[in-house]
Amino acid sequence: MALTGAGISAESGIPTFRGTDGIWNKLKPEELADFGAFLRNPELVSEWYKHRRQVTRVAKPNGAHLALVEMATLFPIFAVITQNIDNLHERAGSETVIELHGNIERNYCLGCGKRYDGEEFDKNGSFKCNECGGLIRPDIVWFGEMLPTDQWNAAEAAASEADIMFVVGTSAVVYPAANLPMTVKRNSGKIVEINTEETPLSEFADVSIQGPASEVLSEIVNGIKEFRRDAKK
Ligand code: OAD
């Protein structure tokens, strides 16, 4: 399985949250990724997510997303668990994607629950429901909110059975997602971390590889294929 974070989409041109160019270094999460902030200023928060949808829609899945699609063909079971809301694993073609923090393309009305999905929503141009006038929010997890139970349960089940977890492009500091590698270890699985920098997980990982996700994952996929070809000889 793979656990991914914002770093896997960095090479697609989507900014990460932490680090020197990170979003949270320039903007305050409590003004943009918080339910209270949304109620105080729905227009601002809605505009921010509309902007982020525009950024993610023009972005294309990169070699790292594609390597994980190929990786899934090499194992009987392979799940991608992502903290990203950018939809790029799905667009790359990954079939089993567990979304811990939701998906920016899904939205729903706080009043009546009506769903507003995809580009049609932004074309309408309003953050108010056309049925009941309620506020429409993105179906994502904001600070202080619970993770979707079905996705979290699926992630924990996958982690407790995993032989190996590739932890790709995450600072590994946001809980509960950051607990999943511990679940793998407790059940005798191995952790391979891929990140351009050291993280709190690095010393705990069985292998920690520093480098851009697209290059490292492509090399790992090629290595597995070569190993299997040699084993058949
Ligand atoms: P972060 O921005 O915290 O971390 C991104 C990580 O990716 C860092 O450790 C970088 O070193 C690494 N990185 C950057 N470019 C890379 C590349 N090309 N290849 C490999 N690694 C690279 O993002 P997340 O860990 O995803 O939550 O953040 C977790 C959560 O915090 C997000 O889901 C979001 C945020 O607040 C919510 O919105 C609920």
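The following conversation goes through a ligand and one arginine in a predicted model.

Colleague: Why is Arg-53 called buried or exposed here?

Modeller: Arg-53, which is found in helix α5 (residues 42-58), has a relative accessibility of 2%, and since buried means under 20% relative accessible area, Arg-53 therefore counts as buried.

Colleague: What makes the pair Arg-53 and Asp-122 a polar contact?

Modeller: The side chains of Arg-53 and Asp-122 are joined at 2.8 Å, and a polar contact asks for a suitable pair of N or O atoms within 3.5 Å, so this pair meets the cut-off. The side chain of Arg-53 also reaches the backbone oxygen of Ile-104, at 3.5 Å.

Colleague: Which residues is Arg-53 in contact with, leaving aside its neighbours within four places in sequence?

Modeller: With those neighbours left aside, Arg-53 is in contact with Ile-104, Glu-105, Asn-107, Phe-121 and Asp-122, where contact means heavy atoms within 4.5 Å.

Colleague: Turning to the ligand, how do you know that Phe-17 and Arg-18 come nearest, and which others do?

Modeller: Of the 23 residues around the ligand, those that come nearest are Phe-17, Arg-18, Thr-170, Ser-171 and Asn-195. An oxygen atom of the ligand is 2.7 Å from a polar backbone atom of Phe-17, and a ligand oxygen is also 2.7 Å from an N or O atom in the side chain of Arg-18.

Colleague: How much of the ligand does the protein bury?

Modeller: Taken alone, the ligand exposes 800 Å², and the protein buries 91% of that.

Colleague: What kinds of residue make up the shell around the ligand?

Modeller: The shell divides into nine nonpolar, eleven polar and three charged residues.

Note on methods. Residues numbered from 1 in each chain as written. Predicted model: local features only at pLDDT ≥ 70, side-chain atom pairs only at ≥ 80, totals over all residues. Heavy atoms only, no water. Near = heavy atom within 4 Å. Polar contact = N/O pair within 3.5 Å; in protein donor to acceptor, adjacent residues only side chain to side chain. Areas by Shrake-Rupley, 256 points an atom, 1.4 Å probe, with all protein chains shown as cover. Nonpolar A, V, L, I, M, F, W, Y, C, P; charged D, E, K, R; others polar. Helix = DSSP H or I, 4+ residues; strand = E, 2+ residues; numbered from the N terminus. Buried < 20%, exposed > 50% of the residue type's maximum accessible area, 1.4 Å probe, protein only.
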